[in-house]
Structures are given as structure tokens and as C-alpha cells.
Amino acid sequence: LSIDVGKSLSDQRHFVRSEHWHIVDGELKMNLEFKNGYTSSKIYKAGDSIDIPINTWHMATNVGDKPVKVIEVWMGYTLSEEDIERRT
């Protein structure tokens with residue numbers, strides 16, 4: 001996964017898969033909103049990892065000066081692009 005400088009991914013969640021992100025290069029801010037309503041916002045850099053549980057809203061923004069490179073691993077019994085809800 002690559003996110004260009006100054007760009008964000010959509011605010012989204014998944015119902016049957018969790019995700020593990022490992023930051024390979026760059027710097028991103030990840031906003032998370034968990035099912036229980038708890039929210040967090042944190043800056044991640046190369047070498048950091050993020051676990052995104054099922055049904056957790058998440059939005060990643062490149063806050064660095066170069067593209068962010070992420071290894072994204074999907075985990076679950078159904079791994080499909082259809083398993084996504086985007087918040088408008």
C-alpha cells in the first residue's frame with residue numbers, strides 16, 4: 001500500500017476481517033474509532049506496526065514529506081474487497 005504526500009485513505013471499517021499494517025517507509029497518522037466508542041490518533045513511522053480490529057473505523061493520512069509505504073495483511077475467514085464500509 002502506498003499513500004502519496006498530503007493524501008488520505010477513506011475513513012472505513014470491515015465487518016469480517018481485521019488488518020495488520022507495518023510501516024516500511026514514511027510517516028502516517030492513523031485515526032481509529034473502536035466499536036466501544038474509544039478513539040485514538042497516533043503518528044507512525046518506518047518500523048512501527050498497527051493492528052486494526054474488525055469493525056473499527058480507521059483513516060490513514062500521510063503526514064510526512066515522502067510517500068508512505070505500508071505492508072497490509074488481512075486476517076479473517078473471508079478476505080474480500082466487498083468487506084468495506086466507507087464513512088462519508
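Val24, Ile71, Val73 and Met75 together form a nonpolar patch on the surface of this chain, with about 310 Å² of accessible area between them. The model in which this patch appears is a predicted one, and the patch is a convenient place from which to begin a walk through it. Strand β8 gives the most to the nonpolar patch, contributing three residues, and valine 73 is found in that strand. At 36% relative accessibility, valine 73 counts as partly exposed, because residues between 20% and 50% are placed in that class. Valine 24 is likewise partly exposed, with a relative accessible area of 44%.

Valine 24 has its place in strand β3, which covers residues 17-25. If its neighbours within four places in sequence are left aside, valine 24 is in contact with Ala46, Lys69 and Ile71; of these, Ile71 is also listed with valine 24 in the nonpolar patch. Valine 24 can also be related to aspartate 48, for the two are 24 residues apart in sequence and 8.0 Å apart in space, taken from C-alpha to C-alpha.

The strand that holds valine 24 and the strand that holds valine 73 are paired with each other: β3 and strand β8 (residues 68-76) run antiparallel and are joined by eight bridges. Within this pairing, histidine 20 stands opposite valine 73 in β8. Both strands belong to an open sheet of four strands, whose order is β1-β8-β3-β6 and whose pairing is antiparallel. At the edges of that sheet stand β1 (2-3) and β6 (49-52), each of which has a single partner strand, so one side of each is left without a neighbour in the sheet.

Another pairing in the chain is that of β4 with strand β5 (residues 39-45), which is antiparallel and extends over seven bridges. Here glutamate 27 stands opposite lysine 45 in β5. β4 and β5 form a hairpin with five residues between them, and in the turn glycine 37 has a positive phi of about 95 degrees.

From the strands we can turn to the charged side chains, among which the count comes to five salt bridges. In one of them, arginine 13 is joined to glutamate 85, and the closest N and O atoms of this pair are 2.8 Å apart. The pair links distant parts of the chain, since arginine 13 lies in strand β2 (residues 12-13) and glutamate 85 in strand β9 (residues 85-86), 72 residues apart. How buried or exposed are the two partners, arginine 13 and glutamate 85? Arginine 13 is buried, because its relative accessible area of 18% falls under the cut-off of 20%; glutamate 85, at 28% relative accessibility, counts as partly exposed.

A further salt bridge brings together the side chains of arginine 87 and glutamate 33, with a distance of 3.0 Å from N to O. Arginine 87 lies in the segment after β9 and glutamate 33 in strand β4 (residues 27-33), so this pair ties together parts that are 54 residues apart in sequence. Arginine 87 is partly exposed at 34% relative accessibility, and glutamate 33 is partly exposed at 27%. These two residues also take part in a network of salt bridges that links Asp11, Glu33 and Arg87. Arginine 17, in turn, forms a salt bridge with glutamate 19, the closest N and O atoms being 3.2 Å apart, and in this pair arginine 17 is buried, as is glutamate 19.

These details can now be set against the chain as a whole. The chain has zero helices and nine strands. Among its contacts with a separation of 6 or more, 76% are accounted for by residues 24 or more positions apart. With 88 residues, a compact globule would have a radius of gyration near 12 Å, and the chain agrees with this, because its own value is 12 Å. Along its principal axes, the C-alpha trace spans about 35 × 25 × 20 Å. Buried residues make up 34% of the 88 residues in the chain, while the accessible surface of the chain comes to about 5,200 Å², of which 52% belongs to carbon and sulfur atoms.

Note on methods: Residues numbered from 1 in each chain as written. Predicted model: local features only at pLDDT ≥ 70, side-chain atom pairs only at ≥ 80, totals over all residues. Heavy atoms only, no water. Salt bridge = Lys/Arg side-chain N within 4 Å of Asp/Glu carboxyl O. Helix = DSSP H or I, 4+ residues; strand = E, 2+ residues; numbered from the N terminus. Buried < 20%, exposed > 50% of the residue type's maximum accessible area, 1.4 Å probe, protein only. Contact = heavy atoms within 4.5 Å. Pairing = 2+ DSSP bridges. Patch = residues over 30% accessible without salt bridge, like charges linked within 9 Å, V, L, I, M, F, W, Y side chains within 5 Å. Areas by Shrake-Rupley, 256 points an atom, 1.4 Å probe, with all protein chains shown as cover. Rg over C-alpha atoms; globule rule 2.2 N^0.38 Å.
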